[in-house]
Amino acid sequence: MASNINPTVRRRRLGQELRRLRELKGMTAEEVAERLLVSQSKISRLENGRRSISQRDVRDLCGVYEVDDHRVVDSLMQMAKDSRQQGWWHAFGDIPYSVYIGLETEAASLRVYESLLVPGLLQTPGYAEAVIPGTVPELTQEQLEKRIQVRMRRQERVNHPDNPLRLWVVMDESALRRVVGSHLIMREQLDHLVEVSHLPHVTVQVLPYNAGAHAGMSGTFSILEFDDAADSSVVYIGGVTSDLYLEKTNDVHKYTIMYEHLRAQALSADQSREFIASAAKKHADSMA
């Protein structure tokens, strides 16, 4: 991408502003849809930033909301234009979780709970090459290679020299024990986890089997937070055919509380590092 504009974030900010204008006008999404002869789902997708928005859409909506200030209209039109630019990830073709990548690229901090595998931001190339076709078996070799390239590119946020992503990961013990690829791949992967856990902006915790029942048993999730006050936090829940993004304050609060419980039940950062190193040694012993 030629500029530093993040199209995903621009769409999200634009959608929030359009929702604010609609609410100021006292209109429902259904009423706006009827005025413009479009579906209510289109208005909803425009407001939540999940759909590309054209300058014509902005013009029509501003007309419905009777926005008279040309500076406001021009600003929204420019945001619509910027939101249609392509992020770096578009160069890799159709990536199903491209909305998430756009948010992750702009996020200041990320809290991840993962139950069965090492989170993508901390995967080694060998682990990624083994785990991706296991979870998405219908991929062609070309698609697999693109997925791996995207995953490695995403990791630049973790190692960024000026603006690294603040990353907190809680992983279930299963992610350490399951042999993905081979014992060699697992040993290298766990050694990498130990290494990256020493970074000042990265925290890795292990939730051991003996922790018993815990808040994450309902499924994995991530919480993204942003420096810009205009960007509310987002809970991301990945799915097989579709993803879920929760932005309502109450929803984010519930998942934040869940994450605090997970962190409290997990081993400390130092204990987790020792635990991971021990698991890596067991994989190494299995190779002997």
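Mentor: Two strands count as paired if DSSP finds at least two bridges between them; strands (E, at least two residues) and helices (H or I, at least four) are DSSP runs, numbered from the N terminus. The model is predicted, and its local features need pLDDT of at least 70. Residues are numbered from 1 along each chain as its sequence is written.

Trainee: In what order do the strands of the open sheet stand?

Mentor: The sheet contains 6 strands, and their pairing is mixed. Across this open sheet the order is β3-β2-β1-β4-β5-β6.

Trainee: Which are the edge strands?

Mentor: An edge strand here pairs on one side only. That holds for two strands, covering 202–207 and 244–246. They are β3 and β6.

Trainee: What is the average twist from one strand to the next?

Mentor: The angles run from 0 to 180 degrees between N-to-C directions, with axes fitted as lines to C-alpha atoms (for helices, over the stretch in contact). From each strand of the sheet to the next, the twist averages 15°.

Trainee: Which residue in β2 is the bridge partner of L110?

Mentor: Strand β2 spans residues 166–172 and runs parallel to β1. The two strands are joined by 6 bridges. In β2, L110 has as its bridge partner L167.

Trainee: How is α2 oriented relative to α4?

Mentor: Helix α2 comprises residues 29–36 and helix α4 residues 55–64. They pack with their axes 11 Å apart, at an angle of about 110°. Angles of 65 to 115 degrees count as roughly perpendicular, under 35 as roughly parallel, over 145 as roughly antiparallel and the rest as oblique. The packing angle therefore makes α2, relative to α4, roughly perpendicular.

Note on methods
Predicted model: local features only at pLDDT ≥ 70, side-chain atom pairs only at ≥ 80, totals over all residues. Heavy atoms only, no water.
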